[in-house]
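Reader: Hi! I am in my first year and would love a close look at one part of this structure, the pocket, along with a little of what surrounds it. Could you walk me through it?

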Amino acid sequence: MRSLLRTVEKILDHDVSVLIVGESGVGKDYLASAIHACSNRRDQPFVHIDCATIPADLFESELFGYEKGTFTDALSRRAGRLEAAGGGTVYFDEISALSPGLQAKLLRAVEERRFTRLGGQQLVPFRARVITSTSLDPEALVAAGAIRRDLLYRINVVTLHLPPLRERQEDIADLARRFTSKPIDDEVIAFLRTLPWPGNVRELRNAIERAALLESGDRITAPSLPPSHASALVASASGRDWTLDELEAAYIREVLRRTRSNYSRAAAILGINRKTLLEKRRRYGLD
């Protein structure tokens with residue numbers, strides 16, 4: 001990450017296109033926003049375009065804008081997102097979601113640094129920096145026909161590879177503590193470092209924020225972790241020097257969660273009677 005950030009520092013104020021590559025949830029959107037916020041374009045707009053959510057038949061009007069009367073509902077001229085960005089930054093999230101035809105039109109605008117609104121003749125200057133992202137290997141996307149090779153050459157003057165969280169285990173403690181004001185128990189941090197985190201930083205953030213909301217005490221402890229993580233935690237507790245009481249409390253809380261506090265059903269799963277379950281619940285202070 002330090003190496004990546006050193007590269008970012010070198011390109012901040014240079015007018016070069018940037019391609020951010022990384023798995024879903026690693027923070028591509030955050031990095032794009034940070035590049036803009038730290039650059040000499042910071043006082044200009046940052047326009048985020050989610051290529052996967054804008055319908056293909058509306059994308060051109062969203063991107064380039066349109067003139068009055070271009071179609072039935074075009075009652076007045078409307079500036080597109082490229083024009084609205086001014087001298088700021090346009091971030092195309094998941095660029096491979098664009099159709100080849102739309103990619104060709106975007107390529108022309110990026111190369112010529114100008115475009116026309118739909119239904120218009122006037123050339124509109126395009127002054128914004130272009131940042132794009134993809135969660136898949138760019139060359140594989142080109143081979144599969146998902147990205148035009150000429151567009152890839154234009155948008156990846158600088159390519160930034162954001163590593164997945166599983167390759168950055170030393171960052172997990174700092175990230176987790178940044179996502180909550182509550183102290184986090186050391187055994188929780190140690191356990192978080194053992195997880196694969198397929199959802200990367202987004203998944204970690206959701207897990208910590210949920211734990212902070214559900215934790216009744218002033219610290220985040222193991223039982224307050226999300227269900228999937230709590231189950232894994234119980235499975236691996238034997239290697240973490242837990243006491244039997246700690247393990248039992250964590251498992252009872254997980255069963256109560258899965259049964260939505262149906263004590264009869266939870267007691268049956270645990271192999272004890274309902275009265276014993278209620279006694280253990282009081283003993284461990286389980287909500």
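Author: Here is a walk from the whole chain to the pocket and then to two helix pairs. Please keep in mind that this is a predicted model, where local features need pLDDT of at least 70 and side-chain atom pairs count only at pLDDT 80 or more, while totals for chains, interfaces and linings use all residues. Residues are numbered from 1 along each chain as its sequence is written, and side-chain values use heavy atoms, with hydrogens and water left out.

The protein chain has 14 helices and nine strands (DSSP runs numbered from the N terminus: helices are H or I with at least four residues, strands E with at least two). Its radius of gyration is 25 Å, well over the 19 Å that the globule rule gives for 287 residues, so the chain is more spread out than a compact globule. That radius is taken over C-alpha atoms, and the rule is 2.2 Å times the number of residues to the power 0.38.

Now to the pocket. On a 1 Å grid over the protein atoms alone, with a 1.4 Å probe, a pocket is an open set of points with protein on both sides within 12 Å along at least five of seven lines, and lining residues have an atom within 4 Å of a point. The largest pocket holds about 980 Å³ of space, a volume being the space filled by probe spheres set on the points, which are joined across faces, edges and corners. Its lining counts 32 residues, and Val26, Gly27, Tyr30, Leu175 and Val201 lie nearest the centre. Helices H1 (2-11), H2 (28-38), H8 (172-178) and H10 (200-214) are the elements that give two or more residues to this lining. H2 gives the most, with seven residues.

Elsewhere, helices H3 (residues 56-64) and H5 (residues 100-112) pack at about 10°, with axes 11 Å apart. That makes H3 roughly parallel to H5 (angles under 35 degrees count as roughly parallel, over 145 as roughly antiparallel, 65 to 115 as roughly perpendicular and the rest as oblique). Axes are lines fitted to C-alpha atoms, for helices over the stretch in contact, and angles run from 0 to 180 degrees between N-to-C directions. By comparison, the axes of H13 (residues 263-270) and H14 (residues 274-284) come within 9 Å and cross at roughly 95°. That makes H13 roughly perpendicular to H14.
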